[in-house]
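Here is a walk through one protein structure, taken region by region. Keep the sequence and the 3D view open while reading.

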Amino acid sequence: MVASGFRAVERCDILGVAPFSDGPDFLFRPYLGPGHVAAIRQVADWMHEAGMTTRIDAAGNLVGRYEGHVDKALIIASHIDSVRDGGKYDGPLGVMLGIECVAALHDGGRRLPFAIEVYAFGDEEGSRFPAAMLTSRAVAGQIEPSALEVTDREGVTLMEALIALDLPFANFLGARRDPSNLIGYLEAHIEQGPVLEAEGLALGVVTAIAAQLRFEVTMTGVAGHAGTNSMALRKDALTAAAEAILAIERIARAGPDDLVATVGRMVVGPGAPNVVPGRVTFSIDIRSGAESVRDACAAEVRRTLTEIAAGRGIGLDIHLVHDLPASPCDSGFMALLSEAVEAGGQPARQIVSGAGHDAMVFTGITPTAMLFIRCKDGISHNPLESVEASDADAALTAMRLFIDKLEAKYV
Ligand code: GLV
Ligand code: MN
Ligand code: MN
């Protein structure tokens with residue numbers, strides 16, 4: 001079958017169920033889980049079919065390489081992990097389209113002046129460990145060794161989890177690529193928002209990716225008997241957390257439109273109906289196109305949570321999980337991608353990404369571009385996520401043209 005966006009979508013559908021999911025009847029493919037390991041094997045087969053050699057790097061990323069006339073490579077990438085009960089296209093579609101770009105070259109017996117490397121990143125979502133983009137940050141050399149001291153909800157450390165792929169923890173940072181050996185970075189991804197659909201456009205060109213902060217908050221009260229602790233005397237960590245979460249919502253709502261703050265995960269301990277909650281941990285994710293807006297929100301959240309905890313006699317710990325700066329795409333790469341989109345007969349709609357992407361860790365080290373693909377009703381991080389195969393095919397056409405234009409510049 002010739003290279004096509006239709007096949008890319010079909011392959012995402014294949015990856016959306018067991019054995020490529022750890023959820024029995026929903027999609028959940030966390031980093032280094034059995035579904036991820038199975039997906040690596042399957043995607044490696046597809047890469048081989050497309051004429052690539054493959055390897056698994058020190059961080060557990062699958063890397064397919066199609067040689068060019070020189071060693072330097074253009075990376076085409078996205079991620080193959082998913083959120084819990086996620087959709088099938090967030091991440092894998094970009095990887096599958098990268099494979100299709102190479103399949104088209106291979107079918108035509110064509111070699112470029114540069115190599116193409118398709119990366120299937122293992123951790124973008126942070127759905128297993130309390131940190132996101134561990135594996136792309138390792139490749140971009142944008143990670144501190146201390147960030148690797150993470151443990152999942154079952155108490156498994158990253159070091160222990162890497163055993164799933166027989167990878168020695170000590171080498172993790174060895175996944176780093178020397179930027180001088182890169183031509184640039186290209187990622188295609190579903191938009192995960194409603195703008196393109198509302199404007200009747202299949203594709204968009206990303207100008208920048210919003211800045212992110214993620215925290216893990218622990219509120220500590222005193223666990224006790226639900227029947228004997230009077231309302232006035234108890235120290236309930238969960239009611240404190242409830243007040244905190246409403247305050248976070250209020251603070252973010254008062255900011256500009258692109259400021260968003262989300263508490264998406266909470267663990268209540270000890271978690272019994274007849275015990276006053278003694279300990280609550282929850283996540284906070286804050287984003288904005290402007291770091292100053294995001295940081296002002298974070299400062300206000302910190303001040304308000306401190307007041308709430310003090311007022312209730314509750315212990316408070318706010319731990320920074322990650323800080324990703326706003327990431328502008330490369331103007332030269334954006335221009336090439338815009339020309340490629342326009343050649344397909346639609347305007348090159350420029351768009352800021354509120355969602356985080358692996359691309360953001362590459363913007364500081366190599367020219368980076370991102371292509372957005374319309375998705376149904378803007379829904380993502382949800383099993384209802386859906387994309388038209390014809391839109392994925394339009395994306396493939398634009399990506400292939402982008403590569404041609406890059407080749408013409410490079411020669
Ligand atoms: C990834 O999907 C993120 O934006 O958190
Ligand atoms: Mn996602
Ligand atoms: Mn994604």
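**Pockets, metal site and backbone**

Strand 7 (211-220) and strand 13 (315-324) each supply at least two residues of the lining of the second largest pocket. Strands here are DSSP runs of E with at least two residues, helices are runs of H or I with at least four residues, and both are numbered from the N terminus. A pocket is found on a 1 Å grid over the protein atoms alone, as an open set of points with protein on both sides within 12 Å along at least five of seven lines; a cavity is a set where a 1.4 Å probe fits but cannot get out, and lining residues have an atom within 4 Å of a point.

This is a predicted model, in which local features need pLDDT of at least 70 and side-chain atom pairs count only at pLDDT 80 or more, while totals for chains, interfaces and linings use all residues. Residues are numbered from 1 along each chain as its sequence is written, chains are lettered from A and ligands numbered from 1 in the order in which they are written, and side-chain values use heavy atoms, with hydrogens and water left out.

The second largest pocket has a volume of about 280 Å³, where a volume is the space filled by probe spheres set on the grid points, which are joined across faces, edges and corners. This pocket is lined by 15 residues, and the closest to its centre are Ala-147, His-319, Leu-320, Val-321 and His-322. Strand 13 gives the largest share of this lining, 6 residues. By class, the lining holds 6 nonpolar, 4 polar and 5 charged residues. In this scheme Ala, Val, Leu, Ile, Met, Phe, Trp, Tyr, Cys and Pro are nonpolar, Asp, Glu, Lys and Arg are charged, and the others, Gly among them, are polar.

The largest pocket encloses about 1100 Å³ of space. Its lining has 42 residues, with Glu-125, Arg-214, Asp-285, Arg-287 and His-381 the closest to the centre. Strand 7, strand 9 (260-262), strand 12 (279-288) and strand 15 (350-353) each supply at least two lining residues. The class counts for this pocket are 17 nonpolar, 13 polar and 12 charged.

Which residues coordinate the manganese ion (ligand 2)? Its donors come from Asp-90 (OD), Glu-125 (OE, listed twice) and His-381 (NE2), at 2.1 to 2.6 Å. Donors are N, O and S atoms within 2.8 Å of the metal (3.2 Å for Na, K and Ca), and sites may look incomplete because water is not among the atoms. Along the chain the donors follow the spacing D-x34-E-x255-H. Asp-90 also bridges this manganese ion and the manganese ion (ligand 3), and the two ions lie 3.5 Å apart. Glu-125 and His-381 link distant parts of the chain, 256 residues apart: Glu-125 is in the loop between strand 4 (115-121) and helix 4 (134-140), and His-381 in the loop between strand 16 (368-373) and helix 10 (389-410). Glu-125 is buried, at 10% relative accessible area, whereas His-381 is partly exposed, at 43%. Buried means under 20% relative accessible area, exposed over 50%, and partly exposed in between, with a 1.4 Å probe and protein chains only.

The model has 1 cavity of 30 Å³ or more. Phe-215, Ile-284, Ala-298, Val-301, Arg-302 and Ile-318 line this cavity, and helix 8 (residues 291-312) gives the most to the lining, with 3 residues. The lining has 5 nonpolar, no polar and 1 charged residues.

Near the N terminus, the buried residues of helix 1 (5-15) include Gly-5, Val-9 and Leu-15. The buried residues of helix 1 pack against helix 2 (34-49), helix 3 (92-107) and helix 10, contact meaning heavy atoms within 4.5 Å.

The backbone has some less regular points to inspect. The peptide bond from Ala-18 to Pro-19 is cis, with omega near 5 degrees, and Pro-19 lies in the loop between helix 1 and helix 2. Leu-32, in that loop as well, has a positive phi near 65 degrees and is buried at 4% relative accessible area. A cis bond also joins Gly-269 and Pro-270, with omega about 0 degrees; Pro-270 is in the loop between strand 10 (266-269) and strand 11 (275-276). Asp-85 has a phi near 55 degrees and is partly exposed at 34%.
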